[in-house]
Amino acid sequence: MSAPRLPLDPPVTPNGPTAQNWLLQELSKSDYTASHPNWFDEVATAISNWFQSLTGPSVPGIPGLGPLILVVAIVVVAVIAFLIFGLPRLNRRSRVGGELFGEADQRTAAKILADARAAASDENYSLAIIEGVRASARTLSERTLFTMFPGTTAHEFARRAAVLFPAERDSLVGTATAFDRVRYLDEQGSRDQWLDVERLATTLRTAEPVLATVDA
């Protein structure tokens, strides 16, 4: 009598758990894991899809609108950033303020000079001289050439500014002297003194300095 034949081949139709186990074993092989996209692949795909979404419908003879839309978006962002933050120097200029010769003053140089001219038009030359010298100091602060510290006097300003503008040394000293006389000695300012102050305040707005900065 022959021995019973043992089943050497696996069943043709496995049950549910067996089939799931075979599938997991097959997918765990290196051939499958190597082909699975990693995080970098997913990020690259997302960026690619975003650029493709910018591309308009293709028309024969007309290129896609994607590059044009991207350029327009960049220009819009740049304009908005400029309007909000401005150029570094313009932004700094808008923040200049503080004490001027012992008094708190947040006005711009242009506003101070306008007030000086208004005083001069009323023949109040003493006030015009005081305001004009303040306008000169604020102008150099706005140009980032000079730092006004608390306690800086008109003559200290003139001495330090003369290093930057040696051609204006005599005018700086003369206007500082006129400032002290009308402010502290109650002398009456003259029209000629005011004209010197106004000329200096106007000149310092655009004159080229000899040195970059003088803060010492």
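A residue counts as buried when its relative accessible area is under 20%, and this cut-off is what the word "buried" refers to throughout this briefing. The structure shown above is a predicted model, and its secondary structure comes to ten helices and two strands. Read from the N terminus on, the elements follow the order α-α-α-α-α-β-β-α-α-α-α-α, and the points below go from the whole protein to one buried helix, one helix pair and one residue.

**The protein as a whole**

- The protein has 216 residues, of which 28% count as buried.
- The area that the protein exposes is about 14,700 Å², and carbon and sulfur atoms supply 62% of that area.
- Among the contacts in the protein with a separation of 6 or more, 66% are accounted for by residues that lie 24 or more positions apart.

**Helix H8 and what covers it**

- Helix H8 spans residues 154–164, and its buried residues are Ala154, Phe157, Ala158, Arg160, Ala161, Ala162 and Leu164.
- The cover over these buried residues of H8 includes helix H7 and helix H9, the latter made of residues 169–184.
- In an α-helix there are 3.6 residues a turn, so residues three or four places apart point the same way.

**The packing of H6 against H10**

- Two packed helices are described by the angle between their axes and by the distance between those axes.
- Helix H6 (residues 109–121) packs with helix H10 (residues 191–203) at an angle of about 160°, and the two axes are 11 Å apart.
- Angles over 145 degrees count as roughly antiparallel, and H6 and H10 are therefore roughly antiparallel to each other.
- The crossing that H6 and H10 make is left-handed.
- On the H6 side the contact is made by Leu113, Ala116, Arg117 and Ala120, while on the H10 side it is made by Trp194, Glu198, Ala201 and Thr202.
- Sorted by class, the residues in the contact of H6 with H10 are five nonpolar, one polar and two charged.

**Thr139, a buried residue of H7**

- Thr139 is found in helix H7, which covers residues 125–142, and H7 is also part of what covers the buried residues of H8.
- Thr139 counts as buried because its relative accessibility is 6%, and the cut-off for buried is under 20%.
- Once its neighbours within four places in sequence are left aside, Thr139 is in contact with Ala109, Leu204 and Arg205.
- Thr139 and Thr202 are 63 residues apart in sequence, and from C-alpha to C-alpha they are 9.2 Å apart in space; Thr202 is also one of the H10 residues in the contact with H6.

Note on methods. Residues numbered from 1 in each chain as written. Predicted model: local features only at pLDDT ≥ 70, side-chain atom pairs only at ≥ 80, totals over all residues. Heavy atoms only, no water. Axes fitted to C-alpha atoms, helices over the stretch in contact; angles between N-to-C directions. Helix = DSSP H or I, 4+ residues; strand = E, 2+ residues; numbered from the N terminus. Parallel < 35°, antiparallel > 145°, perpendicular 65-115°, else oblique. Left-handed = near helix turned anticlockwise from the far one by under 90°. Contact = heavy atoms within 4.5 Å. Nonpolar A, V, L, I, M, F, W, Y, C, P; charged D, E, K, R; others polar. Buried < 20%, exposed > 50% of the residue type's maximum accessible area, 1.4 Å probe, protein only. Areas by Shrake-Rupley, 256 points an atom, 1.4 Å probe, with all protein chains shown as cover.
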